[in-house]
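The following exercises are meant for a reader who meets this structure for the first time. Each task is followed by a solution that proceeds step by step.

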Amino acid sequence: MKTRAALFLGAGRPLELREIELDDPRDDEVLVRMGAVGICGTDLHSIKGEWERPTPMVLGHEGAGVVESVGSAVTTVRPGDRVVLSWAPSCGDCVDCRRGRPAACVPLHRAMAGGTLIDGGTGMCLDGETVYRGTATGALSEHVVVAERVALSLEDDVPLEDAALLGCAALTGVGAVLFAAKVEPGASVFVVGAGGVGQFVLQGARLAGSGTVFSVEPAAARREQATRLGAAAAVPPEEVTDAMRELLPDGADYAFDAVGEPETTKLAMRWTKNGGTCVVVGLPSGATRLQIDPAEFYRREKHLTGTIYGSEDPAVSLPILLDHVRAGRLDLGEMLGPVLPLEEVNDAIESSLGGSGGRVVVRP
Ligand SMILES: [Zn+2]
Ligand SMILES: [Zn+2]
């Protein structure tokens, strides 16, 4: 079939809307009419040219939509079902898949670097040439075909714009707190970066019943969101030392780096309390190396760890997050920034690059 997608053609160039060819769903695949797709930092890495990716490529991996048709072997969803996409269509067989971490799957990461799915194909083309898929998904399209196991059922009536955020930022940020760090009630939390993922780390801290929460973020609109989400203070980077000395002079029990650059990880590690835990959540913009004083470990006994996709299988963590949404404990609607039609996808990207307070969402 034909569908309309936003094509990424190279760093610094605007995305272009094109009609592309989509393969029919195979036995174990489903065709989804996308309803909402969030713009994630990972998409921006490609757009800014920080990650090399083949082109043309359909970006977007944080999405929700409605199933239109299913392959003959599909049993878990039916046409008309609303679904959240997981961006980890993994191999199911490697050591990471077997430990319940499909997002860490080695063949999946190889495929993502090459802009394809696990089998090396993409199921998308334009004028006979391959169209690549961002983050093994390619959701910035009116329709997309995905494996049944990554079309996760959304049984209740959470609006699709809200549900889209679950697909990456919420599972990643909330999961970092609940499933990776397992923050205890009363523990203090420091969050570096209050973009989409950082805001969900803050919500995770609230869910965990944490004590004092402190956030550092350069964009004013995002600092406002951080305070609204329970941070005792949210300051620009130049004020972090003074503010921390006042609020948490010994550092925080848990520090989360929602950005993932060496500088931000260093900052998170600096303000991790002795014996505490620093968790890297964000992804760096390129091949980088961390330099850390070994005394952070042997004398101060700090722990440094990381998380991918909330350190849980999305099929397991999504229902847990949906329970929190239904009970009013996890906020999605208030996390939304501008919601724009596919025609305005470039404005959406501009808004996200410009530090929009809420998550920018495109409606394909
Ligand atoms: Zn993402
Ligand atoms: Zn695997």
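**Exercise 1. Describe the site of the zinc ion (ligand 1) and the parts of the chain that it joins.**

Solution. Step 1: the zinc ion (ligand 1) is coordinated by C40 (SG), H61 (NE2) and C168 (SG), at 2.0 to 2.2 Å. Donors are N, O and S atoms within 2.8 Å of the metal (3.2 Å for Na, K and Ca), and sites may look incomplete because water is not among the atoms.

Step 2: along the sequence, the donor residues of this ion show the spacing C-x20-H-x106-C. H61 belongs to the loop between β4 and β5 (62-70) and C168 to helix α4, so this pair ties together parts that are 107 residues apart in sequence. Helices (H or I, at least four residues) and strands (E, at least two) are DSSP runs, numbered from the N terminus.

Step 3: H61 and C168 are both buried. Buried means under 20% relative accessible area, exposed over 50%, and partly exposed in between (1.4 Å probe, protein chains only).

A note on the basis of these values: this is a predicted model, in which local features need pLDDT of at least 70, side-chain atom pairs count only at pLDDT 80 or more, and totals for chains, interfaces and linings use all residues. Residues are numbered from 1 along each chain as its sequence is written, chains are lettered from A and ligands numbered from 1 in the order in which they are written, and side-chain values use heavy atoms, with hydrogens and water left out.

**Exercise 2. State which residues hold the zinc ion (ligand 2), and determine the geometry of the site.**

Solution. Step 1: the protein donors are C91 (SG), C94 (SG), C97 (SG) and C105 (SG), lying 2.3 to 2.4 Å from the ion. Their spacing along the chain is C-x2-C-x2-C-x7-C.

Step 2: C91 is in the loop between β6 (82-85) and α2 (95-98), and C105 is in the loop between α2 and α3 (106-114), so the two tie together parts that are 14 residues apart in sequence.

Step 3: the angles among the 4 donor atoms are 103 to 116°, and the site is tetrahedral. Four donors count as tetrahedral if all angles lie between 85 and 135 degrees.

Step 4: C91 counts as partly exposed because its relative accessibility is 30%, whereas C105, at 0%, counts as buried.

**Exercise 3. Where does helix α4 bend, and what follows just after α4?**

Solution. Step 1: helix α4 covers residues 160-181 and bends by about 55° at L166. The bend at a residue is the angle between axes fitted to the seven residues ending there and the seven starting there.

Step 2: of the 22 residues in α4, 20 are buried, and the helix is thus mostly covered.

Step 3: K182, just after α4, takes a positive phi of about 50°.

**Exercise 4. Examine the backbone at P56, A136 and Y309.**

Solution. Step 1: T55 and P56 are joined by a cis peptide bond with omega of about -5°. P56 lies in the loop between α1 (41-47) and β4 (57-58).

Step 2: A136 has a positive phi, near 55°, although the residue is other than glycine. A136 sits in the loop between β9 (132-133) and β10 (143-147), and counts as buried because its relative accessibility is 4%.

Step 3: Y309 likewise has a positive phi, near 50°. Y309 is placed in the loop between β17 (303-306) and α10 (314-326), and its relative accessibility of 1% is why Y309 counts as buried.

**Exercise 5. With which residues does E296 form salt bridges?**

Solution. Step 1: a salt bridge is a side-chain nitrogen of Lys or Arg within 4 Å of a carboxyl oxygen of Asp or Glu. By this rule there are 16 salt bridges.

Step 2: E296 pairs with R300, the closest N and O atoms being 2.9 Å apart, and with K302 at 3.1 Å, N to O.

Step 3: E296 is buried at 10% relative accessibility, and K302 is buried with a relative accessible area of 7%. R300, at 22%, counts as partly exposed.

Step 4: elsewhere, R4, E142 and E343 are linked in a network of salt bridges.

Note on methods
Four donors count as tetrahedral if all angles lie between 85 and 135 degrees; four count as square planar and six as octahedral if opposite donors are over 155 degrees apart and all others between 65 and 115; anything else is irregular.
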